[in-house]
Amino acid sequence: MTPGVQPIRVAVLGAGTVGAEVADRLLTRAAEFESRVGAPLVLAGVAVRDLDAPRTPALPRELLTTDAESLVLGAHIVVELIGGVDRARELVLLALESGADVVTGNKALLATHGPELFAAAERVGAQLNYEASVGGAIPIIRPLRDSLAGDDVQRILGIVNGTTNFVLDRMDAHGDSFEDALATATELGYAEADPTGDVSGLDAAHKAAILAGLAFHTTVPLSSVPVEGIERVTAEQVAAGRGTGHVVKLLAICERLTGPDGVEGVSARVHPALLPRDHPLASVRGANNAIFVQASDARDLMFYGAGAGGPETSSAVLGDLVAAARRHVIGGPGLAAAPSSGLPVLDPGVVSSRYQISLVVRDEPGVLAAVAGLVADLGVSIETAQQTRSGVGGTATLVIGTHRAPEAALAAVVRALSGAAEVEQVAGVLRVEGDRPKDG
Ligand code: NDP
Ligand code: HSE
């Protein structure tokens, strides 16, 4: 150790999937971290709820504590890996207010209380690093915050939830129903026992809010992110997508756009979408994640890798920890993260897309013309129409592909189709994203 250099005390909160791996590496790779930081990183303790719960990897019993507050107050850097929102918020605020730097992988916390936490960090000149919060092992926060700070990010399309990507990939590759694919994901350990937050799109919405705020230097509240999950995606929609050269993916979409009144703003949303099979994101298989970024000068960039997993996520957490520790050695304040552009979040109705609308219609003369007329009357232009006779009760399946139209127009079309005498059922709507060159 360099003479005069003080050891840096690190508190790890949580010893679950990620926390146990982070604590283990701090113990087993201490010499490496010391040489990279220029001072020893000392694991001061690990806060847990149950001192006797089995841990993988195993951690020395004497490092475990249920007194998270005392551990936080004695640390230079606090690594929050307990998850959840309320208790995590209390402990992160306590850490920041006591002058400690914080590293977290908690997207739910950042998406709901980010502005409060960043303000607290800025007030005391502390760092709040969160690389693991989006995309697990994939470096995406630092590239957006630092590497692209001199560019204008225009659009992000992200596959940011591994569970849903695994399920949709199964549906695509094996023709499985949503239920069967989810059962396989659970059996193989890709889905959690309660996968609601993943399949509903909420987890991806947390990540979309974080990415959009960072990319566009503004505040994007979680409540402004429209979310649609994958629960209603059918095997038929996935098969129809295959037929037209598309694959269904759950996308987090963040974009900078100009509303109809000329107001510049941003949008962040999460929904399943049809992507052309030659789009870079279409090749993201299984539980992997990828984030496709389009910037004015850098143009197209893709960040790909493991979006979850203990060792994988520990890589991102430890990178943040080493960066925070170096600042302790070098000195200087934390990096200001205050939103600077003030771009508003635009009304979701102004966002435009192409749509694939699946209808069950009466198989009678004039139905196609009636449906086409109704859609055209609402200002939406049809690009393709494909009818298949179902043979069930004199009905047919009609799949309409539209040109680009605003969400508000789509909502009006769906309402009108639902009330039309010729239409038995609006079976589903999927957005179509990622066309080239216009859509990226
Ligand atoms: P786990 O559920 O596996 O572990 C949580 C840990 O926190 C457990 O050790 C638990 O203690 C402890 N804990 C929970 N509440 C408290 C409390 N009030 N006081 C003290 N300790 C507490 O979570 P993960 O490791 O999977 O995730 C941690 C964070 O990382 C989350 O924010 C998650 O979103 C994020 N993340 C996780 C990824 C992953 O692959 N798992 C990927 C990217 C981010 P005990 O063991 O005693 O119950
Ligand atoms: N449940 C998340 C996923 C873990 O399936 O991607 C990483 O945030």
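## Helix H12

Take helix H12 in this predicted model, which runs over residues 310–330. Does its end-to-end distance fit its length, or fall short of it? With 21 residues at 1.5 Å a residue, H12 should span 30 Å, and its end C-alpha atoms are indeed 30 Å apart, so the two values agree.

H12 has a good list of buried residues: Gly 310, Thr 313, Ser 314, Ala 316, Val 317, Leu 318, Asp 320, Leu 321, Val 322, Ala 324, Ala 325 and Arg 327. An α-helix has 3.6 residues a turn, so residues three or four places apart point the same way. With that in mind, it's worth tracing Thr 313, Val 317, Asp 320 and Ala 324, which are among the buried ones. Once the helix is over comes Gly 331, with a positive phi near 95°.

## Helix H5

H5 is another story. This helix covers residues 107–124, 18 residues in total, yet its end C-alpha atoms are only 22 Å apart, while a straight helix at 1.5 Å a residue would reach 26 Å. Where is the kink in H5? Look at His 113, where there is a kink of about 85°, shortly before the proline Pro 115.

As for burial, the H5 residues that count as buried are Ala 108, Leu 109, Leu 110, Ala 111, Gly 114, Leu 117, Phe 118, Ala 120 and Ala 121.

## Around ligand 1

Ligand 1 has 21 residues around it, and those that come nearest are Ala 15, Val 18, Asp 50, Arg 55 and Gly 309. Sorted by type, the shell holds eight nonpolar, eight polar and five charged residues.

Oxygen atoms of ligand 1 turn up in several polar pairs. The side chain of Arg 55 places an N or O atom 2.6 Å from one. Arg 49 uses its backbone instead, with a polar atom at 2.9 Å, and a backbone N or O atom of Gly 16 sits 3.1 Å from a ligand oxygen. On its own, ligand 1 has 900 Å² of accessible area, and the protein covers 77% of it.

## Around ligand 2

Which residues surround ligand 2? They are Lys 107, Asn 161, Gly 162, Thr 163, Glu 192, Asp 198, Asp 203, Lys 207, Gly 307 and Ala 308. That makes one nonpolar, four polar and five charged residues. Helix H7 (162–174) and helix H10 (202–216) each put at least two residues into this shell.

Two lysines reach ligand oxygens with polar side-chain atoms: Lys 107 at 2.5 Å and Lys 207 at 2.8 Å. Gly 162 has a polar backbone atom 2.7 Å from an oxygen of ligand 2. Taken alone, ligand 2 exposes 260 Å², of which the protein buries 84%.

## Arg 269 and Leu 281

Arg 269 belongs to strand E9, residues 264–276. Why does this arginine count as buried? Its relative accessible area is 5%, and buried means under 20%. Its side chain has polar contacts with two others: the side chain of Glu 255 at 2.8 Å, and that of Ser 267 at 2.9 Å.

Further along, Leu 281 lies in the loop between E9 and strand E10 (288–295). Loop residue or not, Leu 281 is buried, because its relative accessible area is 0%. Its C-alpha atom is 25 Å from that of Gly 150, a residue 131 places away along the chain.

Key: Residues are numbered from 1 along each chain as its sequence is written. Chains are lettered from A and ligands numbered from 1 in the order in which they are written. This is a predicted model: local features need pLDDT of at least 70, side-chain atom pairs count only at pLDDT 80 or more; totals for chains, interfaces and linings use all residues. Side-chain values use heavy atoms; hydrogens and water are left out. A residue is near a molecule or strand if one of its heavy atoms lies within 4 Å of it. A polar contact is a pair of N or O atoms within 3.5 Å; within protein, one must be able to donate a hydrogen and the other to accept it, and residues adjacent in sequence count only if both atoms are side-chain atoms. Accessible areas come from the Shrake-Rupley method with a 1.4 Å probe; for residues, only the protein chains shown count as cover. Ala, Val, Leu, Ile, Met, Phe, Trp, Tyr, Cys and Pro count as nonpolar, Asp, Glu, Lys and Arg as charged, and the others, Gly among them, as polar. Helices (H or I, at least four residues) and strands (E, at least two) are DSSP runs, numbered from the N terminus. The expected span of a helix is 1.5 Å times one less than its number of residues. The bend at a residue is the angle between axes fitted to the seven residues ending there and the seven starting there. Buried means under 20% relative accessible area, exposed over 50%, partly exposed in between (1.4 Å probe, protein chains only).
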